[in-house]
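Reader: I am new to this structure and would like a close look at a single part of it, the loop residue with which you choose to begin. Please then go on from there to the helices and the ligand.

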Amino acid sequence: MKKFIYDGIVTGDDFCPRIQDTDKLLSYINDSTNVLLIAKRRMGKSSLIHEVFENRLDKKKFITIYVDIFDITDETDFVKSLYRAVGQSLKLDFKLVLQTLKTFFNKSTFEISIGQDGTPSINPKLATRDIDELFADIFNGLHEYLKRHNLKAAFCIDEFQQIQTIKKPLDATLRKYIQKHHNISYIFTGSKRHTLAKLFQGQKSPLMGMVTPMELGPINQDDFYKFAKKRLKTLTKDTFINLYNHAEGESKLVQHLCRQLKLMSDDNQPLDEALAIKGVISEVDSICRNIFESLSPNGRKIIKMITEKSHTLLTKEMLQEHNISKSSAQTSIDYLIKEDLIFKEDSNYFLDGGIGSSFSLWCHWKFKGY
Ligand SMILES: Nc1ncnc2c1ncn2[C@@H]1O[C@H](COP(=O)(O)OP(=O)(O)O)[C@@H](O)[C@H]1O
Ligand SMILES: [Mg+2]
């Protein structure tokens with residue numbers, strides 16, 4: 001029996017079809033257009049990219065490079081991740097890897113190590129500390145490889161906002177290579193929408209205008225219901241829609257709630273949406289509590305105000321009622337937006353989940369009492 005998977009990247013049978021989104025991303029890649037894939041957290045950005053890379057792109061024409069830079073610590077670390085990802089994507093015969101890498105890349109040597117699960121991985125040893133030279137080596141080497149084999153590439157850098165944690169500004173250098181190569185489609189994505197938007201759309205940012213934004217919304221309700229029903233035969237549409245709405249369409253949370261229902265069904269209990277929600281909340285409670293407690297008193301007040309009203313304008317009267325001055329409210333709001341805990345749309349503020357949790361569901365339960 002198929003499962004509800006609510007963690008990590010899903011592809012193939014575990015990926016609920018998103019036909020329009022896959023087609024759109026595919027057509028951008030085919031045109032070598034650079035894309036900024038934007039969505040709320042846990043909507044399925046990384047999964048969509050993996051699904052397209054693994055199951056939709058023509059492998060005779062494309063190589064796919066995927067690098068997640070969530071845990072990079074500095075610029076050399078970043079460069080090494082790029083070398084590794086590019087090296088691994090060449091899909092060469094094991095014996096030829098080192099030889100080929102040597103042909104195309106000169107500023108690093110490579111070693112291959114075999115992991116515990118038996119898969120080989122490439123370890124670059126940088127021959128210089130000059131980041132510009134290293135960048136040139138990676139991007140020109142890749143370009144040369146593609147040219148020689150008459151291939152194109154799709155190159156995804158996931159969690160791209162982490163580039164900001166590196167002291168040395170790399171965006172101008174990146175721009176140079178993104179602009180230069182027309183047989184590569186770069187896909188940037190990540191979990192901090194606000195930071196990503198600033199990196200690519202900020203007036204003074206070197207990366208401004210380098211990408212076509214693609215907004216990824218929730219999975220279509222009917223498609224998601226069909227997908228869920230295959231995993232839980234007794235699931236009715238009404239129950240599913242109720243949960244989908246509670247999850248505000250967030251793919252991960254929808255799966256998590258459905259899994260909770262499945263557990264009830266395995267125990268021969270009737271499916272109860274409220275119990276499913278309670279089950280999920282108790283699993284995420286400590287993470288969400290930590291996020292909430294780490295906020296300033298004003299930050300907490302603002303989160304509560306937004307939760308109580310579902311969305312809100314944060315008017316002068318409301319701020320007065322809660323005893324917050326306009327300027328300190330603004331400081332807190334800026335912080336909450338930066339941390340992606342809230343976002344603004346048409347002057348209204350909305351909750352936007354927190355790291356690895358279902359923050360918004362938790363806030364509703366805590367402050368509105370589902
Ligand atoms: N197309 C999909 N079909 C089914 N579940 C999905 C899909 N996309 C995402 N999910 C669910 O959401 C979770 C998070 O997906 P992920 O791709 O990591 O999101 P993001 O990169 O946007 O944070 C997955 O573990 C899965 O439970
Ligand atoms: Mg992701």
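Author: Ser-32 is partly exposed, because 15 other C-beta atoms lie within 10 Å (20 or more would make a residue buried and 12 or fewer exposed, partly exposed being in between, with C-beta atoms placed from the backbone). This is a predicted model, in which local features need pLDDT of at least 70 and side-chain atom pairs count only at pLDDT 80 or more, while totals for chains, interfaces and linings use all residues. Residues are numbered from 1 along each chain as its sequence is written, and chains are lettered from A and ligands numbered from 1 in the order in which they are written.

Ser-32 sits in the loop between helix H1 (19-30) and strand E1 (35-38), where helices (H or I, at least four residues) and strands (E, at least two) are DSSP runs numbered from the N terminus. Its phi is near 55 degrees, a positive value in a residue other than glycine; most residues other than glycine have a negative phi. Glu-248 also has a positive phi, near 50 degrees, and it lies in the loop between helix H9 (237-246) and H10. With 18 other C-beta atoms within 10 Å, Glu-248 is partly exposed. Gly-209, placed in the loop between helix H7 (193-201) and strand E7 (212-215), counts as exposed because it has 10 C-beta neighbours inside 10 Å. Its C-alpha atom is separated by 42 Å from that of Lys-366, 157 residues apart along the chain.

A positive phi, near 55 degrees, is found again at Asn-150, which follows H5. The 19 residues of helix H5 (residues 131-149) should span 27 Å at 1.5 Å a residue, and this agrees with the 27 Å between its end C-alpha atoms (the expected span is 1.5 Å times one less than the number of residues). The buried residues of H5 include Leu-134, Phe-135, Ile-138 and Tyr-145, as well as Asp-137. Among the elements that cover them are helix H3 (75-89), strand E4 (120-126) and helix H6 (171-180), contact being counted when two C-beta atoms lie within 7 Å.

Helix H12 (residues 297-309) packs on helix H14 (residues 326-338) at an angle of about 75 degrees, with their axes 9 Å apart (axes are fitted to C-alpha atoms, over the stretch in contact, and angles run from 0 to 180 degrees between N-to-C directions). That makes the two helices roughly perpendicular (65 to 115 degrees; under 35 is roughly parallel, over 145 roughly antiparallel and the rest oblique). Their contact divides into 5 nonpolar, 4 polar and no charged residues (Ala, Val, Leu, Ile, Met, Phe, Trp, Tyr, Cys and Pro are nonpolar, Asp, Glu, Lys and Arg charged, and the others, Gly among them, polar). H12 also packs with helix H15 (residues 359-368), at about 85 degrees and with axes 9 Å apart, so H12 and H15 are roughly perpendicular to each other. This contact joins Ile-303, Lys-304, Thr-307 and Glu-308 of H12 to Cys-363, His-364, Phe-367 and Lys-368 of H15.

Around ligand 1 there are 22 residues, of which Cys-16, Gly-44, Ser-46, Ser-47 and Ser-251 come nearest (a residue is near if its C-beta atom lies within 6 Å). Helix H2 (45-56) and helix H10 (251-266) give two or more residues to this shell, which by class has 9 nonpolar, 7 polar and 6 charged residues.
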